[in-house]
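Please load the model in the viewer and keep the sequence panel open beside it. The tour proceeds by successive selections, each followed by a description of what is found there.

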Amino acid sequence: MPWFRFVFIDMEDGRIRETDFYPLLTTAVIVLLLGITYYWIARPQSSVAFLALLPALPLDHYPTYISQWFGWLPTFAHVIAFSLLTYLSLGRRHLLFACMLWGGINALFELGQALPTQIIQLLPDINSLQAYFSKGVFDPLDLVASVMGAWTVWAALGNRYERR
């Protein structure tokens with residue numbers, strides 16, 4: 001038994017309902033670790049800041065077939081994990097907001113990578129935003145992964161609570 005119980009208050013009928021907090025939190029963490037594992041295996045150590053915290057893989061070259069087939073996976077995982085975490089933080093009534101927020105953020109960052117250099121230079125360089133947009137590679141499959149990740153969470157959890 002946990003030392004606290006996570007509950008949602010259903011404002012329409014005033015009843016308190018326990019949620020599947022721990023399974024959803026576990027799912028979010030596992031999905032996030034899946035995305036991190038992808039980066040660890042398929043990308044060079046210098047490509048992402050958090051990889052410096054992990055031990056380097058003893059690979060002479062990184063397998064390109066993983067990037068070719070599963071390059072969309074980190075975007076998909078990011079949207080799912082952060083949509084779940086935001087949903088768990090804000091509550092049941094904010095499921096659609098959480099999904100649209102993270103699907104939209106990921107889509108905007110992907111579209112930013114397609115901007116011309118002249119426009120990128122006009123953007124404020126907050127947290128290396130210009131470097132991210134100029135060095136990143138636009139991939140339409142990442143846009144699809146953003147939408148599909150958001151839809152996956154919304155469809156799975158939205159349908160679940162409509163049946164109750």
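Select Tyr39, Arg43, Val48, Gln113 and Tyr132: among the 33 residues that line the largest pocket of this predicted model, these lie nearest the centre of the pocket. The space in this pocket amounts to about 1100 Å³.

Extend the selection to the helices around the pocket. At least two lining residues come from each of α1 (21-42), α3 (73-90), α4 (95-112) and α6 (129-135). Which helix gives the most to the lining? Colour α1 separately, since this helix contributes the most, namely six residues.

Next, colour the lining of the largest pocket by residue class. The nonpolar class holds 17 residues, the polar class 12 and the charged class four.

Now release the selection and display the whole chain as a cartoon. How many helices and strands are there? The chain contains seven helices and two strands. Followed along the sequence, these elements appear in the order β-β-α-α-α-α-α-α-α.

Turn to burial by colouring each residue according to relative accessible area. Of the chain's 164 residues, 32% count as buried, that is, under 20% relative accessible area. Then add the molecular surface: the accessible surface of the chain comes to about 10800 Å², with 68% of that area belonging to carbon and sulfur atoms.

Finally, draw the contacts between residues. Among contacts in the chain with a separation of 6 or more, 58% are accounted for by residues 24 or more positions apart.

Conventions
Residues are numbered from 1 along each chain as its sequence is written. This is a predicted model: local features need pLDDT of at least 70, side-chain atom pairs count only at pLDDT 80 or more; totals for chains, interfaces and linings use all residues. Side-chain values use heavy atoms; hydrogens and water are left out. Helices (H or I, at least four residues) and strands (E, at least two) are DSSP runs, numbered from the N terminus. Buried means under 20% relative accessible area, exposed over 50%, partly exposed in between (1.4 Å probe, protein chains only). Contact means heavy atoms within 4.5 Å. Accessible areas come from the Shrake-Rupley method with a 1.4 Å probe; for residues, only the protein chains shown count as cover. On a 1 Å grid over the protein atoms alone, a cavity is a set of points where a 1.4 Å probe fits but cannot get out, and a pocket is an open set with protein on both sides within 12 Å along at least five of seven lines; lining residues have an atom within 4 Å of a point. Grid points are joined across faces, edges and corners, and a volume is the space filled by probe spheres set on the points. Ala, Val, Leu, Ile, Met, Phe, Trp, Tyr, Cys and Pro count as nonpolar, Asp, Glu, Lys and Arg as charged, and the others, Gly among them, as polar.
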